[in-house]
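This report begins with the nonpolar core of the model and then follows a few of the residues in and around that core. Please keep the sequence and the structure in view while reading.

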Amino acid sequence: MAGTRTLFRIFYDRERKSRAMSGPNYGDELPCDAVIERIYEFLDGELTSEVDAKIRDHLGKCRTCYPHFRHEEVFLRFLEQRAQIEKAPPSLRRRIFQKLLDDEIDRDEP
Ligand SMILES: [Zn+2]
């Protein structure tokens, strides 16, 4: 089966690709780069409510950032599930990993 390391490489490659495709600024007071830079803190709820609101607002309007945000959310969920997966027996573990990958791939289809 694909090891965790392989899965991480797949996710990080996608991360780089989507960053490369991002346009410059949306023209908002918070540029796309700044939104993407803070996306992990945003997902973790670590930002001040002011910044949090700005990012939320930007994501609601920006077509460049929104798909990226979706991707990060999936990735974080994957990390959370990984902790559970590691406790599961190998056969179950394989099924879960496959499901996660399939879900990811389905979402990428146009
Ligand atoms: Zn944006």
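## The nonpolar core

In this predicted model, the largest nonpolar core consists of 8 residues, namely Cys 32, Val 35, Ile 36, Ile 39, Phe 42, Ile 55, Cys 62 and Cys 65. Two elements, α2 (32–37) and α3 (39–44), each give two or more residues to this core, and the contribution of α2, with 3 residues, is the most that any element makes.

Val 35, one of the core residues, has contacts beyond its neighbours within four places in sequence, and these are with Leu 30, Ile 55, His 58, Leu 59 and Cys 65. Two of these partners, Ile 55 and Cys 65, are themselves listed in the core.

## Overall architecture and confidence

The chain has 6 helices and 0 strands, so that, by the definition of these elements, the pattern read along the sequence is α-α-α-α-α-α. Buried residues account for 10% of the 110 residues in the chain. Among contacts with a separation of 6 or more, 57% join residues that are 24 or more positions apart.

The average pLDDT over the chain is 70, and 60% of the residues score at least 70. Among the elements, the mean pLDDT is lowest for helix α1 (residues 4–21), at 55, and highest for α4, at 86. Over residues 20–28 the pLDDT is below 50, although this stretch has 14 contacts in the model beyond near neighbours in sequence. Where pLDDT is low, the predicted coordinates should not be read in detail.

## Ile 55 and Arg 56 in helix α4

Ile 55 is placed in helix α4, which spans residues 49–61, and α4 is the element with the highest mean pLDDT in the chain. Ile 55 counts as buried because 22 C-beta neighbours lie inside 10 Å, where 20 or more are required. Once neighbours within four places in sequence are left aside, Ile 55 is in contact with Leu 30, Val 35, Arg 38 and Phe 42. The C-alpha atom of Ile 55 is also separated by 9.6 Å from that of Pro 31, a residue 24 positions away along the chain.

Arg 56 lies in helix α4 as well, but this residue counts as partly exposed because it has 14 C-beta neighbours inside 10 Å. Between the C-alpha atoms of Arg 56 and Tyr 66, which are 10 residues apart along the chain, the separation is 9.8 Å.

## Arg 38 and Leu 47 in the loops

Arg 38 is located in the loop between α2 and α3, and with 17 C-beta neighbours inside 10 Å this residue counts as partly exposed. Not counting residues up to four places away in sequence, Arg 38 touches Leu 47, Val 51 and Ile 55. For one of these partners, Val 51, which is 13 residues from Arg 38 along the chain, the C-alpha atoms are separated by 9.3 Å.

Leu 47 is found in the loop between α3 and α4, and its 16 C-beta neighbours inside 10 Å place it in the partly exposed class. With residues up to four places away in sequence again not counted, Leu 47 touches Arg 38, Glu 41, Phe 42 and Asp 52. Phe 42 is a member of the core and is also among the contacts of Ile 55, while Arg 38 likewise touches both Leu 47 and Ile 55.

Technical notes. Residues numbered from 1 in each chain as written. Predicted model: local features only at pLDDT ≥ 70, side-chain atom pairs only at ≥ 80, totals over all residues. Helix = DSSP H or I, 4+ residues; strand = E, 2+ residues; numbered from the N terminus. Buried ≥ 20, exposed ≤ 12 C-beta atoms within 10 Å, placed from the backbone. Contact = placed C-beta atoms within 7 Å. pLDDT = per-residue confidence, 0-100. Core = buried A, V, L, I, M, F, W, Y, C linked by C-beta atoms within 7 Å.
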